[in-house]
Amino acid sequence: MKQTKAQLKIQEMAFMLVAVVFFFALIGVFVLTIFGQKLYEERNRIAQERTISSIVNLADSPEFRCANSKSNCVDGDKAIVLINKTNYLNFWPFSSLSIVKSTALYKLEEDMITCNMANYPDCDIIKIYDKKVKNEKSISSYVAFCRKDYESLDQEKGYNYDRCEIAKIVAGTEIITATSE
Amino acid sequence: MNQRKKAQQEIVGFVLIVLIVTIIGIVLLVMSIGRGDKKVQNSVEISNLLEAGMYYTSDCATNYAPYYLEVQELIKQCEGDRGNNKKKCLSKIKCEEQGKKYTFSFAPTHGPWEHLAPSGNALQPLLVASSLRTGDEIFVSDIDGFVIYKGGSTADCRMGATGANGYGSPAIAGFYNDNKKLISEHNLRDFENGMKVPSGATRLYVYIKEYGQYIKNYNDNTGECSFNYRINRQDITACEEVKDNSEISVCSSLSDTLKRIVEENLRIGGDATNKAYRMNIYYETYSDDESENSQENNTILYLEQGNFENCNSIPGGSHTLTMSDFSSGVIIVELELCAGNKDSSEDS
């Protein structure tokens, strides 16, 4: 009789332990899932921020930056003369570099008007260079795009002034995989 | 035996209760997390958009055209004018206002285009009107002044030569096209009863005319001619459009410009990945006093579009504008998006 009672107590303890362990295991799994998800999101966010900040640094480089110490601003009149300058092909660590004006952000690439000396500034995209690599991932960031504009008050008189709009600076990075090497 | 059974039942019951409570707890927790307000995720991309947007050139000039204000200047001016709507953007006059009288004056060293170097030494003629169309009617009044030539001859700007030798021209008005080709030439006084713009003419210039060998003597002339001018344009649509837009306040212009920036750069609503946006611009003092920093009191502009419900994520960014070295606070611009699917923040 005593033996049976002891067995019952052991059984009781075992059930209790199973329940408690199950309870904490569930909570643990739940918490881990949430934290794991947040960690993953945070990792992606930080990675994105790092690439974007590298583009912001690019916009602030002497080749692009606007007068008047404007941060995150590209001088369109500087950018247009950089088109196809071969000296810059290996200067920046990007496989392609272009500036897309905000008016063309949602246009298909084949519909965009590529800028050159003749049609600037009435164009959509300034292609600084493109190494035309096979696998490329593009990152982009918003920048102010400023240029000197002229407004005529009448047929003879007018003023120069700074006109700024918004553009996206798009930099491509070559993705090298084991097969591509 | 009965006692044993009872104990076993109690244990099973206890375990069941623990299990049920655990499952219900987890379900409630998941639901509460799923339904709760999403935390705004700081997005560098949106902050960059705001920073770049601060330099965006608006269509509003308050001092003189074309000194159009950047968005950051508009925000500061709107902050100073909060609630009053007194500060207006300047009129953007592309063509003369219908029927408005303008006064012109010019020195008699200005001749017709044909008398500029190398054929003569006249200065370029005075441009009075441009973008003319056939049928527009021009009126001139109050022609006044004299032209004094080096040799002593004088001419009345309205009537012409007054001296005994009869040399000297009155003020002349020439209709030209955009290539500066003369279409027709008239005495300025002929416009007193109105003159229709002839076919092919797009500009009206006024000048003095020298003749013969004297076309190289414009630089010797002294004196001044003045007159009043007005125009009745046949097609005034363009002028009216401009006039309608000219009386907006800086705060309205700020609102329009920011809407344009957001809608041009972030697709909102419809099939777009972003369902809605809200933008808040407010002044924040350096003071710790919460009443002073209440957003309601300090809001400069609040914009929103779409419905901020069931957002998968809320990417947002902010930008801070300093007022001046002596200011006791800063202006904060915040933008939040309601993203409809997971990739929206990247797409944005």
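**Exercise 1. Confidence in chain A**

Task: What does chain A average in pLDDT, and where is confidence lowest and highest?

Solution. Start with the whole chain: in this predicted model, chain A has an average pLDDT of 83. Next, take the share of residues: 92% score at least 70. Then go to the elements of chain A. Confidence is lowest in helix H1 (residues 2–59) of chain A, with a mean of 81. Confidence is highest in strand E1 (residues 73–75) of chain A, at 93.

**Exercise 2. The partners of strand E11 in chain B**

Task: In which sense do strands E2 and E4 of chain B pair with E11(B), and over how many bridges?

Solution. Take strand E2 (residues 102–106) of chain B: this strand pairs with strand E11 (residues 222–232) of chain B in the antiparallel sense, over 5 bridges. One position in this pairing is Phe106(B), which stands opposite Cys225(B) in E11(B). Now take strand E4 (residues 137–148) of chain B: E4 and E11(B) run antiparallel and are joined by 10 bridges. Here Glu137(B) has Asn232(B) of E11(B) as its bridge partner.

**Exercise 3. The contact between the chains**

Task: How many residues of chain B are in contact with chain A, and which helix supplies the largest share?

Solution. Count both sides: 30 residues of chain B are in contact with 34 residues of chain A. On the side of chain B, helix H1 (2–35), helix H2 (44–53) and helix H5 (250–265) each supply at least two residues. The largest share, 9 residues, comes from H1(B). Finally, sort this side by class: 16 residues are nonpolar, 7 polar and 7 charged.

Definitions and conventions. Residues are numbered from 1 along each chain as its sequence is written. Chains are lettered from A and ligands numbered from 1 in the order in which they are written. This is a predicted model: local features need pLDDT of at least 70, side-chain atom pairs count only at pLDDT 80 or more; totals for chains, interfaces and linings use all residues. Two strands pair if DSSP finds at least two bridges between them. Helices (H or I, at least four residues) and strands (E, at least two) are DSSP runs, numbered from the N terminus. pLDDT is the predictor's confidence in each residue, from 0 to 100. Two residues are in contact if their C-beta atoms, placed from the backbone, lie within 7 Å. Ala, Val, Leu, Ile, Met, Phe, Trp, Tyr, Cys and Pro count as nonpolar, Asp, Glu, Lys and Arg as charged, and the others, Gly among them, as polar.
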